[in-house]
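Dear colleague,

Please find the structure below. My findings follow it.

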Amino acid sequence: MKHNFKKIMCLLICTLFISTLLPITASADTGPKASVRITFENMGDELCYGTLLSKNPSTGPNSAWDGDEDHIYNELIDLDIWRAFVDYEDADGYYFLQIGWQVNEKKEFAWTYYPPDSFKILLYYPETDKYVVSGICERYAFDTYYTVDMAGVDIGSVEYDENQSNNDRLDAYKSYQYKQEILSLVARILITIAIEMGIALLFGFRGKKALLLLVIVNTVTQIILNVLLNIINFRSGSWAFVAWYIMLELAIFAIEAALYTAFMKKLTGKEKPVLFYGAYSLVANGISFGAGLIIANILPGIF
């Protein structure tokens, strides 16, 4: 019993240590981030760069160039490509926010930190000095996906059209990746359950019935938590996600502790105080939460 108590104390200390590494003030940078992801179908291999033009002159750390040579930001693209994007004049007044990607190799790019809400997709072909632009697109989910079919696209300089000011030469359509999001959801649930079951063994839970109860409760609560968070992400974005995440985690902590107290004695014949089950639920959820943030930085496509 003393040996198990030492393990529990070690877990509590680890939880506190993780919380110091991932403080609340930094949660906006370590937690889930909104994104806009563009995929190109039937794109050739001609050298091509892409960016998103924004309706607003800034979003997050990215902003339109102010004309000062000391304020040039071209970390992801060469300076000559940056200048080509700066020189582009959009018919609807959308802004280049000094970020772009080479797209002809991977046939895709992703803006994963404070993407614009209203945007156009702009492509630039340096070998022919030509631009191609889409119509106005909108972020429709926390992770927004668009696909552009390049088949039959006539690559040429963009000219203003009074009857169609957004001049949509590129046909971009919404292509939310339901399959990918479902696989990510399943992966998150399985990883979380594996972590929490490992912690249960360290807490001294033994026997098929006790472990089965833990599996069932953890599976149900994790499915409910992740499904609700996915819906909130899709509909409301990051601020609602964070607020609901905290509230739902507190609710799950209380529900799990109550269920373990109510049923564990009947299954095992051993009575333990509610604080014991509360401690398990707190440590299990705390460590799985911290592990999720760490894995999110290693495998951002899963968390």
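The notes below cover confidence, the cysteines and one helix.

This is a predicted model, in which local features need pLDDT of at least 70 and side-chain atom pairs count only at pLDDT 80 or more, while totals for chains, interfaces and linings use all residues. Residues are numbered from 1 along each chain as its sequence is written, and side-chain values use heavy atoms, with hydrogens and water left out.

The protein chain has a mean pLDDT (the predictor's confidence in each residue, from 0 to 100) of 79, and 80% of its residues reach 70 or more. Among its elements (DSSP runs numbered from the N terminus: helices, H or I, of at least four residues, and strands, E, of at least two), strand S5 (residues 95–96) has the highest mean pLDDT, 98, and helix H2 (residues 27–30) the lowest, 37. Residues 1–31 have pLDDT below 50; beyond near neighbours in sequence, this stretch makes 21 contacts (heavy atoms within 4.5 Å) in the model. Over residues 157–167 pLDDT also stays under 50, with 23 contacts beyond four places in sequence.

The structure contains zero disulfides (pairs of cysteine sulfur atoms within 2.5 Å). Cysteine 48 is buried (under 20% relative accessible area, with a 1.4 Å probe and protein chains only), at 0%. Cysteine 137 is buried as well, at 6%.

Helix H4 (residues 178–202) has 25 residues and spans 37 Å from first C-alpha to last, close to the expected 36 Å (1.5 Å times one less than its number of residues). Its buried residues include Leu185, Ile189, Thr192, Ile193 and Glu196. Just after H4, glycine 204 has a positive phi of about 95 degrees.

Yours sincerely

Conventions. Buried means under 20% relative accessible area, exposed over 50%, partly exposed in between (1.4 Å probe, protein chains only).
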